[in-house]
Amino acid sequence: MRGNAWVLLLWLGACGGPAMDTGEVAHRPIEAVGRDSAGVRILEHPAADLDRAPQIVLDSAPMAVFAGSAASAANDMYALTSLTLLGDGRAVGFDQNTSALVTLDPVSGQRTDRGRRGAGPGELGEFAEIVRLADDSLLIQDYANGRLAIATADTGIVRTLVPAGASSGTFIGLASNGSVLAMVTAFDPGHAADGRQETRLLLLEWSDGATAPDTAAAFPGAPYILEQVVQGEGPAGTTIARRISTIAFAATPMLMQWGEAVLHAPADRWAVESYRLDGTLAQAIRIATVPARVDAVMLDRAVAATLAARAGGDAPIDSAAIRTHILGAPHAELVPAYERVALSPDGTIWVIDYRMPGDSGWVATAIDADGRILGRMARPTGEAPVAFGNDRVLLRDEDADGIVSLTFVRFSLP
């Protein structure tokens, strides 16, 4: 265990954000229009409600910055992944270098590491993902060891679970009845002539003691490109492998536990949907935005952003080949309605705007359980928060030398 990591308190400039058409800005949460449809609660907003939503203000000075250091492994923030904020405001993450569970306390300035790499009790493999549960305990998917761990920030791992298939899929939560919830991408049989492969996103439920999961619900998944690749020829003949790649501008749906329900974020439309564990739809929050079409201007921006990202490297850049590849590759017809969805410990839903190629900064919309728009938070530069808390966000910044800093910043709701 180690503590007292180097914490640097800095002043940040006032956080404004990308320009938003505010018009007549509201000063309190905007109520949704509710209706019932065959027992499903529908909560709706016109698109204009996003433009006039209250501004959620980020403090000009951070609570704390955990600054990385190339000279000290103890201050390596680059290796921290799967970061989440707890209800008490601390951050928890997984250290890929040591497989430790790491807690960052912005009040004391301490970093605390618990556990180590291994396959024994209280140990984790080299790659793991963390999901915060409703009581601030943690569900850790230990891929290398093919098991799940239940942990807390103060004690580390307290018990392990070994559901069938624990090394595949993404586990998203633990129901009060003891069932473990997971999402799995299933590839549909067959594919289009251009190699486009459709998928389904499955919600799986492992009952306590079950040897196989039940499929609680199925949703349209993200499309992919499936290619046959010749890997080599030998005495046994030609070796063929499948290569799967993403499609530009394609929406990526998500599932996450939301109390005793599962939140479905389709991303191809502005909606977040709440499903019961039996797979039935309970509630849908919708904003009537009109998705933009992917046109030549957007593809040119994708080319420019790719070239800019590769500039400055040692290897020469074949600009013509990059342009030909991007313009010739399959792409979605419509831009996603949003980038991704995150949850605060108190259940607030944060919907992060889709960022076009070459754009800087980010905008996130806060929605409560009744579909009210609480406000919009924005910052003119950097990446969107890696985690949202009840009254703070966690920002990750990487400098030109690859040194990562993690910054806690408070915000104020209108």
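1. A convenient place to begin is the hairpin that β2 and β3 form, in which two residues lie between the strands and A38, in the turn, has a positive phi of about 55°. The model is a predicted one, and what follows should be read with that in mind. In this hairpin β2 and strand β3, residues 40-46, run antiparallel and are joined by five bridges. Two of the pairings can be named individually: S37 has V40 in β3 as its bridge partner, while G34 stands opposite L43 in β3. As for covering, β2 is hardly covered, since the count of buried residues among its five residues is zero.

2. The hairpin belongs to a wider arrangement, an open sheet of six strands with mixed pairing, whose order is β2-β3-β26-β25-β24-β23. At the edges of this sheet stand β2 (33-37) and β23 (254-258), each of which pairs on one side only. From one strand to the next, the twist averages 20°. As a general point for anyone tracing side chains here, those of a regular strand alternate between the two faces of the sheet.

3. Within the order of that sheet lies β25, and S274 is found in this strand, which covers residues 271-275. Is S274 buried or exposed? With a relative accessible area of 7%, S274 is buried, because the cut-off for a buried residue is under 20% relative accessible area. Not counting residues up to four places away in sequence, S274 touches W258, A261, V262 and L263, and also T280, L281, A282 and Q283.

4. A second region worth following on the structure is organised around strand β33, residues 404-412, which is mostly covered, with seven of its nine residues buried. Which strands pair with β33 in the antiparallel sense? Strand β4 (residues 55-58) runs antiparallel to β33 and is joined to it by two bridges, with V57 standing opposite S412. Strand β5 (residues 64-67) also pairs with β33 in the antiparallel sense, over four bridges, and here A67 stands opposite S405. Strand β32 (residues 392-398) likewise pairs with β33 in the antiparallel sense, over seven bridges, and in this pairing R392 stands opposite R410.

5. The strands β32 and β33 also form a hairpin, with five residues between the strands, and in that hairpin G402 takes a positive phi near 80°. A reader may wish to look at this hairpin beside the one made by β2 and β3, which has two residues between its strands.

6. Just before β32 comes a loop, between β31 (387-388) and β32, and D391 is found in that loop. D391 counts as partly exposed, at 27% relative accessibility. Leaving aside neighbours within four places in sequence, D391 is in contact with V409, R410 and F411, and these positions fall within the residue range 404-412 of β33. The C-alpha atoms of D391 and P345 are separated by 10.0 Å, although the two residues are 46 residues apart along the chain.

7. The helical part of the model offers one packing to examine, that of helix α2 (residues 296-310) against helix α3 (residues 319-328). Two packed helices are described by the angle between their axes and the distance between the axes. For α2 and α3 the angle is about 140°, and the axes are 10 Å apart. Why are the two helices described as oblique to each other? An angle has to be over 145 degrees to count as roughly antiparallel, and α2 and α3, packing at about 140°, are therefore oblique to each other. The crossing in which α2 passes α3 is right-handed.

8. The contact between these helices can be listed residue by residue: L299, D300, A302, V303, T306, L307 and R310 in α2 meet S319, I322, R323, I326 and L327 in α3. By character, the residues of the contact of α2 with α3 divide into seven nonpolar, two polar and three charged.

9. Some overall values help to place these details. The protein has three helices and 33 strands, and buried residues make up 45% of its 414 residues. How much of the contact set with a separation of 6 or more comes from residues 24 or more positions apart? Such residues account for 53% of the contacts in the protein with a separation of 6 or more.

Notes: Residues are numbered from 1 along each chain as its sequence is written. This is a predicted model: local features need pLDDT of at least 70, side-chain atom pairs count only at pLDDT 80 or more; totals for chains, interfaces and linings use all residues. Side-chain values use heavy atoms; hydrogens and water are left out. Two strands pair if DSSP finds at least two bridges between them. Axes are lines fitted to C-alpha atoms, for helices over the stretch in contact, and angles run from 0 to 180 degrees between N-to-C directions. Angles under 35 degrees count as roughly parallel, over 145 as roughly antiparallel, 65 to 115 as roughly perpendicular and the rest as oblique. A crossing is left-handed if the near helix is turned anticlockwise from the far one by less than a right angle, and right-handed if clockwise. Contact means heavy atoms within 4.5 Å. Ala, Val, Leu, Ile, Met, Phe, Trp, Tyr, Cys and Pro count as nonpolar, Asp, Glu, Lys and Arg as charged, and the others, Gly among them, as polar. Buried means under 20% relative accessible area, exposed over 50%, partly exposed in between (1.4 Å probe, protein chains only).
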